[in-house]
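Q: Please take a close look at the sheet in this model. How are its strands arranged, and what surrounds them?

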Amino acid sequence: MYRIIKTNSENPDFIQLVQQLDADLAKRDGAEHAFYHQFNSIQKLNHVVVLYDLDEPVSCGAFKEIEKDKVEIKRMYTLPAQRSKGHASRILEALEQWAREENYSVAVLETGKRQPEAIELYKKNGYNIIPNYGQYIGIENSVCFQKNLTT
């Protein structure tokens, strides 16, 4: 049995999950981790969701506004032992619904080529690869995605 809560970046369960995410990304990204880490602050994130399975926090994600009608999906993570259960898709769906409720029409995100499971997750959930945007322009390891939330 699972439940999803809406919260913000001060939630201790979200903070704990993000610490595990950052440890995983540090291993995957190696020397490039410092570059990515500078864009992944969780301070002042007002749109955070945490998924609980039997009251245990197992998955999370967030979004932040980057333009008037556009959000960026951030800090997606599921505990390794909880993967392949659909939790990440549930998190993504909850974030998209919340963004729609806040009148956003587009979601974008960035992930790394060393995260093939994330790339497949986004493709499976209707995201299309786009040219790298913002700080990710010219970054070889980055893969950027976009999804129209109004269709």
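**The sheet and its surroundings**

A: The model is predicted. Ser84 sits in the loop that joins β4 (70–78) to α3 (87–101), and this loop is a convenient way into the sheet. Although Ser84 is not a glycine, its phi is positive, about 70°. Most residues other than glycine have a negative phi. Ser84 is exposed, at a relative accessible area of 80%.

Beyond α3, the loop leading to β5 (106–112) holds Asn103. Asn103, also a residue other than glycine, has a positive phi near 70°. Its relative accessibility is 66%, so Asn103 counts as exposed, the cut-off for that being over 50%.

The sheet itself is open and has 7 strands, in the order β1-β2-β3-β4-β5-β7-β6, with mixed pairing. Its edges are β1 (2–7) and β6 (128–130); each has a single partner strand, so one side of each has no neighbour in the sheet. On average, neighbouring strands are turned by 30° against each other, direction ignored.

At the β1 edge, the pairing with β2 (residues 47–53) is antiparallel and runs over 6 bridges. Within it, Lys6 has Val49 of β2 as its bridge partner.

Two helices lie across the strands. α3 lies across β1, β2, β3 (56–67), β4 and β7 (142–148), and runs at about 145° to β2. Helix α4 (residues 116–124) lies across β4, β5, β6 and β7, at about 160° to β5. β4 and β7 are thus among the strands crossed by α3 and also among those crossed by α4.

Conventions:
Residues are numbered from 1 along each chain as its sequence is written. This is a predicted model: local features need pLDDT of at least 70, side-chain atom pairs count only at pLDDT 80 or more; totals for chains, interfaces and linings use all residues. Side-chain values use heavy atoms; hydrogens and water are left out. Helices (H or I, at least four residues) and strands (E, at least two) are DSSP runs, numbered from the N terminus. Buried means under 20% relative accessible area, exposed over 50%, partly exposed in between (1.4 Å probe, protein chains only). Two strands pair if DSSP finds at least two bridges between them. Axes are lines fitted to C-alpha atoms, for helices over the stretch in contact, and angles run from 0 to 180 degrees between N-to-C directions. Contact means heavy atoms within 4.5 Å.
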